[in-house]
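I opened a new entry for this model and set down what I meant to look up. The overall build comes before the single residues.

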Amino acid sequence: MEKIDKKANILEAAERLFTELGYEGTSTRQIAKESGANMSMINYYFGSKEGVFMEIMSQRIIDFNSQLMSISQDKLSGMEKLLKVIEGYARRILCNHGLHKMMHRELSLSQRPEMFLKVKNTIASNLIVIEQIITDGIDDGSFRPVDVRMLIATLMGTISHVAISPSKITYGTSLDINNSEDREVITIRLIAHLKDLLTMYLTPQK
């Protein structure tokens with residue numbers, strides 16, 4: 001149990017530091033100090049700072065995959081499944097927008113090809129589940145025929161854009177994504193927009 005706790009402490013500390021300082025700005029020494037662990041323990045569990053980062057990303061992606069699989073197997077309509085997926089993803093990203101911003105920056109730079117490829121491949125497996133939900137809806141006639149991958153890119157891109165550049169939708173207001181109450185307002189607004197978009201775009205025209 002103590003080993004599990006130590007490992008969890010390292011991951012929690014690393015996530016805070018990565019979010020605040022970025023990948024390059026965070027050292028294994030800082031992670032060790034913040035988590036109350038030692039360097040050898042970090043090396044034992046993760047091998048390197050990259051290993052810590054990959055564990056954090058993998059856990060998040062796997063958690064989302066579990067949520068996706070559960071939704072895809074629910075006895076719901078295609079639209080209900082899709083709306084549930086989008087709401088879950090939006091909340092997941094915006095509740096930790098700082099980490100998402102850091103991850104997005106790391107992946108866009110592609111300075112660490114091996115790490116980039118691992119994360120990219122894991123994310124792709126989640127997108128396949130979403131793609132299947134939409135494709136099934138098209139096949140059974142509940143959705144009109146659309147470019148499925150373009151639609152997914154639109155949905156995920158919008159969520160990511162709000163997380164990374166919230167000022168694009170909050171300018172002229174006092175809303176601050178770093179404030180939990182304001183973040184909930186932004187999240188609800190984002191989910192409502194995406195639900196309207198999906199309903200209007202996918203509903204077959206009579």
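The notes below go from the whole chain to two side chains.

**Model and confidence.** I am working with a predicted model. I looked up the confidence before anything else. The protein averages a pLDDT of 88, and 94% of the residues score at least 70. I then asked which element has the lowest mean pLDDT and which the highest. Helix 6 (residues 97-109) has the lowest, at 76, and helix 10 (residues 180-202) has the highest, at 96.

**Elements.** I counted 10 helices and 0 strands in the protein. Read from the N terminus, the order is α-α-α-α-α-α-α-α-α-α.

**Extent and surface.** I took the span of the C-alpha trace along its principal axes, and it comes to about 65 × 40 × 35 Å. The exposed area of the protein is about 11,700 Å², of which carbon and sulfur atoms supply 54%. Of the 206 residues, 38% are buried.

**Contacts along the chain.** I looked at contacts between residues at least 6 apart in sequence. Of these, 69% join residues at least 24 apart.

**Charges.** I found 25 positive and 25 negative side chains in the protein. The centres of the two sets lie 3 Å apart.

**N126.** I went next to N126, which sits in helix 7 (residues 113-139). Is N126 buried or exposed? Its relative accessibility is 5%, so N126 counts as buried, the cut-off for buried being under 20%. I then asked which residues N126 is in contact with, leaving aside its neighbours within four places in sequence. I noted I61, F64, N65 and L68.

**T170.** I finished with T170, which belongs to helix 9 (residues 167-170). Why do I list T170 as buried? I do so because its relative accessible area is 9%, and buried means under 20%. I also checked the side chain of T170 for a polar partner: one of its polar atoms lies 3.1 Å from the backbone oxygen of P166. Not counting residues up to four places away in sequence, T170 touches L175 and I186.

**Summary of the entry.** I have a predicted model with 10 helices and 0 strands. I looked at two buried residues in it, N126 at 5% relative accessibility and T170 at a relative accessible area of 9%. For N126 I recorded contacts with I61, F64, N65 and L68; for T170 I recorded contacts with L175 and I186, along with the 3.1 Å distance between its side chain and the backbone oxygen of P166.

Methods
Residues numbered from 1 in each chain as written. Predicted model: local features only at pLDDT ≥ 70, side-chain atom pairs only at ≥ 80, totals over all residues. Heavy atoms only, no water. Helix = DSSP H or I, 4+ residues; strand = E, 2+ residues; numbered from the N terminus. Buried < 20%, exposed > 50% of the residue type's maximum accessible area, 1.4 Å probe, protein only. Contact = heavy atoms within 4.5 Å. Areas by Shrake-Rupley, 256 points an atom, 1.4 Å probe, with all protein chains shown as cover. Lys, Arg positive; Asp, Glu negative; His and termini not counted. Charge placed at Lys NZ, Arg CZ, Asp CG, Glu CD. Polar contact = N/O pair within 3.5 Å; in protein donor to acceptor, adjacent residues only side chain to side chain. pLDDT = per-residue confidence, 0-100.
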